[in-house]
Amino acid sequence: MLAVLVGLGVSFALILGAGILAEEHLLGDPGLETAVDHLMRFSVGFLMLFGLGVAFVWAVVSCLREVAVSRALVKAAEQGASRSAVPSPDQVASVIEPPASRLGFLGWGNAALAGLLGVVGFFVVLVDSSPEGWVITLSALGYALVMSLLGYACQRWLPRPHARRRERIASHWSAADEARAWKRAKSSGGADPLASRSSKAAGFIYAAGLVGVLGFVAMLASMVMRCASFPGRGTSECDEVYYGSFIERVLSWGFWIFAVAVPLTALLALIGALLYWAQQRGERSDLLTSLADARSRRPDKDVLAFHSEQRMHPLARVGAMLSGVGLVFGCSAYMLGQGMGLGSQEVFAAYRTESLAAILVSVGLFVAAVVGTGVTAARGRELRNALMRRWPTIPEQQRDSQGKPKRRYHRLAP
């Protein structure tokens with residue numbers, strides 16, 4: 001879900017960039033510029049719709065994962081699991097953290113926005129009553145009520161069974177059990193860096209981000225220089241300024257730099273994902289070789305921390321991101337072709353089949369990403385368990401500018 005949200009963010013950047021290209025008449029064809037403008041405007045609605053839907057699915061899945069982990073630990077405790085084999089820090093975090101916190105945040109946030117819209121709409125329809133106004137107002141107020149109930153449930157009702165499960169888990173694995181387990185883990189031999197984390201993949205990923213930011217900045221700079229004064233009270237457009245031929249060429253370069261930066265960013269990110277995949281395979285091979293040798297020493301801590309947790313496959317992450325982009329523009333083009341948009345029906349009607357194909361391909365990419373992630377997680381379970389049994393390690397922690405961990409792993413019991 002997070003990868004799809006990133007894809008929706010990319011869609012927003014493309015909508016903004018392509019819309020400015022059409023607005024500034026840089027595409028060289030008035031008909032094409034009008035069609036692109038209509039497509040970008042219509043895509044904003046789908047972007048907001050998919051963004052809200054994906055955010056809710058992500059929050060629900062996170063809540064289900066927290067519940068599943070806590071129930072699995074309760075079951076293990078009831079079956080007499082070893083007190084020396086304590087839950088991993090990632091499992092402990094799922095039990096310690098408040099359940100459904102993300103879902104509750106989305107519920108209260110949507111309730112506040114919809115409630116504000118409903119209140120404003122109520123005063124508007126009192127002055128200028130209309131059937132459409134009452135429908136929108138009552139729908140917004142009803143949605144706000146439903147979201148308030150969701151936020152209240154996530155804050156009051158769901159934490160109670162989760163707290164009972166936590167007490168049952170903590171009664172089996174005490175703080176002393178956890179302290180002894182991690183003391184043994186930290187004293188289990190020195191580090192032998194059998195595998196190292198390569199910087200090639202990260203370099204391509206950072207380069208992709210840098211190219212994307214530079215292209216976006218170039219576009220914004222060209223747009224700012226085009227305006228002598230910006231929209232203010234009573235105005236909706238900037239006062240355009242035209243320069244000499246050289247500066248005009250520079251301004252046009254800014255917009256085309258963005259147009260070139262978009263596919264170049266995607267290419268660099270794909271290369272980085274492929275290198276990242278190859279790096280992971282090499283590290284897994286080294287770790288399997290180390291596990292087969294009873295005399296091998298503890299591998300590098302960063303490699304252990306990475307491969308001791310479930311990870312999304314790099315190609316699955318790319319596929320999920322592309323699915324978000326394809327769904328936004330594919331659905332927009334198809335709806336425009338059906339005559340349900342701002343115009344340009346005659347242009348997009350000829351591409352309804354292609355638009356539908358783009359939608360199906362995007363759905364297929366998302367399904368493939370989900371299935372691939374599930375298969376990767378299942379195939380890697382044996383390796384993760386073997387690593388945790390032989391070389392227990394704390395998962396990777398994000399660090400601040402001073403190198404201190406941003407996230408602390410608390411214990412089940414005080």
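Tyr276 sits in the in-between zone for solvent access: at 26% relative accessibility, this residue counts as partly exposed. Its ring partner is Phe306, and the model, which is a predicted one, places the two ring centres 6.1 Å apart with the planes at 80°, so the pair is edge-to-face. The pairing ties together distant parts of the chain, since Tyr276 belongs to helix H9 (residues 245-292) and Phe306 to helix H10 (residues 301-307), 30 residues apart. Phe306 has just 3% relative accessibility and therefore counts as buried, the cut-off being under 20%. One ring of this pair is thus partly exposed, and the other is buried.

The structure holds 6 aromatic pairs. Another of them joins Tyr152 and Trp157, again edge-to-face, with 5.5 Å from centre to centre and 90° between the planes. Here neither ring is tucked away: Tyr152 has 38% relative accessibility and counts as partly exposed, and Trp157, at 49%, counts as partly exposed as well. Elsewhere, Phe42, Phe46 and Phe50 come together as one aromatic cluster.

Stepping back to the whole chain, the fold is built from helices, with 14 of them and 0 strands. Read along the sequence, the pattern is simply α-α-α-α-α-α-α-α-α-α-α-α-α-α. Of the 414 residues in the protein chain, 36% are buried. Among contacts with a separation of 6 or more, 80% are between residues 24 or more positions apart. The accessible surface of the chain adds up to about 24000 Å², and carbon and sulfur atoms account for 65% of that area.

Part of that surface is a nonpolar patch made of Val119, Phe122, Phe123, Leu126, Val127, Leu138 and Leu141, which together offer about 690 Å² of accessible area. Two helices, H4 (101-127) and H5 (131-157), each contribute at least two residues to the patch. The largest share, 5 residues, comes from H4. Phe123 is one of the patch members and lies in helix H4. With 53% relative accessibility, Phe123 counts as exposed, because the cut-off for that label is over 50%.

Helix H4 also has a part in the charged contacts. The structure holds 6 salt bridges, and one of them brings the side chains of Arg102 and Glu66 together at 3.7 Å, N to O. This bridge, too, spans distant parts of the chain: Arg102 is in helix H4, while Glu66 is in helix H2 (residues 30-78), 36 residues apart. The two ends differ in their surroundings, as Arg102 is partly exposed at 33% relative accessibility, whereas Glu66 is buried with a relative accessible area of 6%.

A second salt bridge is local. Asp177 and Arg180 meet through their side chains at 2.6 Å, N to O, and both lie in helix H7 (residues 175-186), 3 residues apart, about one turn of the helix. Asp177 is buried, with a relative accessible area of 4%, while Arg180 counts as partly exposed at 46%. The story does not stop with these two residues: Arg83, Asp177 and Arg180 are linked in a network of salt bridges.

Further along, Arg311 forms a salt bridge with Glu309, and the closest N and O atoms are 3.4 Å apart. Arg311 is partly exposed, with 28% relative accessibility. Glu309 has 19% relative accessibility and so counts as buried, given that the limit is under 20%.

Towards the end of the chain comes helix H13 (residues 352-379), whose 28 residues, at 1.5 Å a residue, should span 40 Å. The C-alpha atoms at its ends are indeed 40 Å apart, so the expected span and the modelled one agree. Along H13, the buried residues are Ser355, Ile359, Ser362, Ala369 and Ala377. What covers the buried residues of H13 includes helix H11 (314-337) and helix H14 (381-390).

Key. Residues numbered from 1 in each chain as written. Predicted model: local features only at pLDDT ≥ 70, side-chain atom pairs only at ≥ 80, totals over all residues. Heavy atoms only, no water. Helix = DSSP H or I, 4+ residues; strand = E, 2+ residues; numbered from the N terminus. Buried < 20%, exposed > 50% of the residue type's maximum accessible area, 1.4 Å probe, protein only. Contact = heavy atoms within 4.5 Å. Areas by Shrake-Rupley, 256 points an atom, 1.4 Å probe, with all protein chains shown as cover. Phe/Tyr/Trp six-rings, centres within 6.5 Å; stacked < 30°, edge-to-face > 60°. Expected span 1.5 Å × (residues − 1). Patch = residues over 30% accessible without salt bridge, like charges linked within 9 Å, V, L, I, M, F, W, Y side chains within 5 Å. Salt bridge = Lys/Arg side-chain N within 4 Å of Asp/Glu carboxyl O.
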